[in-house]
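User: I would like to go through the reasoning behind the labels attached to this structure, one step at a time. Please set each value against its cut-off before drawing a conclusion.

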Amino acid sequence: MNQQSDKLKQYAQENVVFLLQRLMEDILAQQPKNVIDWSIAWLDKKGREIVKQKQKPNGKSSSSDEEIIELPKRPAAARKQRASISAEAYGQYNKKESFQPRVIVKSQQQKEIISKRLSQSFMFASLDNREKDIVIDAMEERSYNVDDWVIKQGDSGDNLYVVDQGELNCFKRFTKDGENKFLKVYYPGESFGELALLYNAPRAASIQSKTNSVLFALDRQTFNHIVKDAAMKKREKYVNVLKQIELLSMMDPYERSHVADAIKSASFQKGEYIIREGEQGDIFYMIEEGNLIATKTLIQGQDPVKVFQYKEGDYFGELALLKDIPRQANIIAETEVKLIYLDRHSFKRMLGPLEDILRRNTDKYQKYEQYWITQGK
């Protein structure tokens, strides 16, 4: 019986869990009105693509196709009952009743350090002061040596981590028997491990300490009651904004939701400079509302001239980040504007797959410059 149970668990892990995990992620990102019809369409199209990608190069599934696992028969009375799916998102782990936040005693210096790190992490950007105090009290300091594994892909997750000191490598295995593929490095101020808590799924990647590291761990219960709702509200708001940005329209909903987590917002009045020609640039901007113009000095000694017009859904500031050069133009608010933006690190981490498209689109600025030069402006 135990052997049969182990086979069932292995089959579910290899063929079901990863698929349901991606389905739940996309449902939460898209929030369709008709979940059933949307899920059927998702399984028919995207689900098939995901399964194909997971298969081995020889076309066989990672589990044995020849081995038949016979499911144990349910009692007759049980078969008459309505079947149901148990998901942690609606289960005991996420119930918000009788919440008593844990308090781990800390010195004032430790609290100040954690507060600084929380201010650097987008996951906690929407919390008010009272909520931040609860999170700070609940966090536990943990130390790791070089090569220690903090989390491993496929394990269950009960903590979110914020990096205080050190650097950690992130790896992901894209097939059951595949090798770990390096994805990125986590630096102080960054957080990881939230996906398992947000989407109630196994760990999606493995994190290994690259240097001696100090992390702050936040437990699931505090995360669910204090952080999760605020993070999800922020995500929902900005996912809708990002859908209007043409550049991001081709992104997978899951990827777009990660960008939504990382972005920040800013407002400017008519006539204000957002960036100035010649300055060093570390910010990539996208326009939520309003109009802006770009001006540039085309002939030395003469006043800058208008070379480009921006509107809602456009973006700017990528040249300085892509080519590591000073700002190539002034960007001025023509009306009241609302912008959303990513810093250099988030830009490279989030929009790396779009870098080729961004580089191709830089040609538009050169075309406008040539136009104004030929017009004698």
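The exchange below takes up confidence, burial, helix packing and sheet pairing in turn.

User: What should I know about confidence before reading any details?

Analyst: This is a predicted model, and the mean pLDDT of the protein chain is 77, with 74% of its residues reaching 70 or more. Over residues 56–96 the pLDDT is below 50, and this stretch has 37 contacts in the model beyond near neighbours in sequence. Residues 371–377 also have a pLDDT below 50, with six contacts in the model beyond near neighbours in sequence. Where pLDDT is low, the predicted coordinates should not be read in detail.

User: What makes Ser-191 count as buried?

Analyst: The relative accessibility of Ser-191 is 7%, and the label buried applies under 20%; Ser-191 therefore counts as buried. Ser-191 is found in strand S6, residues 191–192, and, leaving aside neighbours within four places in sequence, Ser-191 is in contact with Ser-121, Met-123, Leu-160, Tyr-161, Val-162 and Tyr-186. Across the protein chain, 44% of the 377 residues count as buried.

User: Why is H5 called roughly antiparallel to H7?

Analyst: Helix H5 (residues 129–138) and H7 pack at an angle of about 160°, with their axes 10 Å apart. Angles over 145 degrees count as roughly antiparallel, so H5 is roughly antiparallel to H7. H5 passes H7 in a left-handed crossing, and the residues that meet there are Glu-131, Ile-134, Val-135 and Ala-138 in H5 and Thr-222, Ile-226 and Val-227 in H7.

User: Why are H4 and H5 described as oblique to each other?

Analyst: Helix H4 (residues 108–120) packs with H5 at an angle of about 120°, their axes being 10 Å apart. The range counted as roughly perpendicular is 65 to 115 degrees, and roughly antiparallel needs an angle over 145; the pair fits neither label, and H4 and H5 are therefore oblique. The crossing of H4 and H5 is right-handed, where Lys-111, Ile-114, Ser-115 and Leu-118 in H4 meet Lys-132, Val-135, Ile-136 and Asp-137 in H5.

User: How do you know that S1 and S6 are edge strands?

Analyst: The open sheet of four strands has the order S1-S8-S3-S6, with antiparallel pairing, and strand S1 (140–144) and S6 each pair on one side only. Five bridges join S1 to strand S8 (residues 213–219), whereas at least two are needed for two strands to pair. Within that pairing, Arg-142 stands opposite Leu-215 in S8. Helix H7 (residues 220–242) packs on this sheet, touching strand S3 (159–165) and S8, and the direction of H7 makes about 70° with that of S8.

User: What makes S2 and S7 a pair?

Analyst: Two bridges join S2 to strand S7 (residues 206–209), and the strands run antiparallel; pairing asks for at least two bridges, so this requirement is satisfied. In S7, Ile-207 is the bridge partner of Ile-151. These strands belong to an open sheet of four strands in the order S2-S7-S4-S5, again with antiparallel pairing, where the edge strands are strand S2 (149–151) and strand S5 (181–186). The twist in this sheet averages 30° from one strand to the next.

Definitions and conventions. Residues are numbered from 1 along each chain as its sequence is written. This is a predicted model: local features need pLDDT of at least 70, side-chain atom pairs count only at pLDDT 80 or more; totals for chains, interfaces and linings use all residues. Side-chain values use heavy atoms; hydrogens and water are left out. pLDDT is the predictor's confidence in each residue, from 0 to 100. Contact means heavy atoms within 4.5 Å. Buried means under 20% relative accessible area, exposed over 50%, partly exposed in between (1.4 Å probe, protein chains only). Axes are lines fitted to C-alpha atoms, for helices over the stretch in contact, and angles run from 0 to 180 degrees between N-to-C directions. Angles under 35 degrees count as roughly parallel, over 145 as roughly antiparallel, 65 to 115 as roughly perpendicular and the rest as oblique. A crossing is left-handed if the near helix is turned anticlockwise from the far one by less than a right angle, and right-handed if clockwise.
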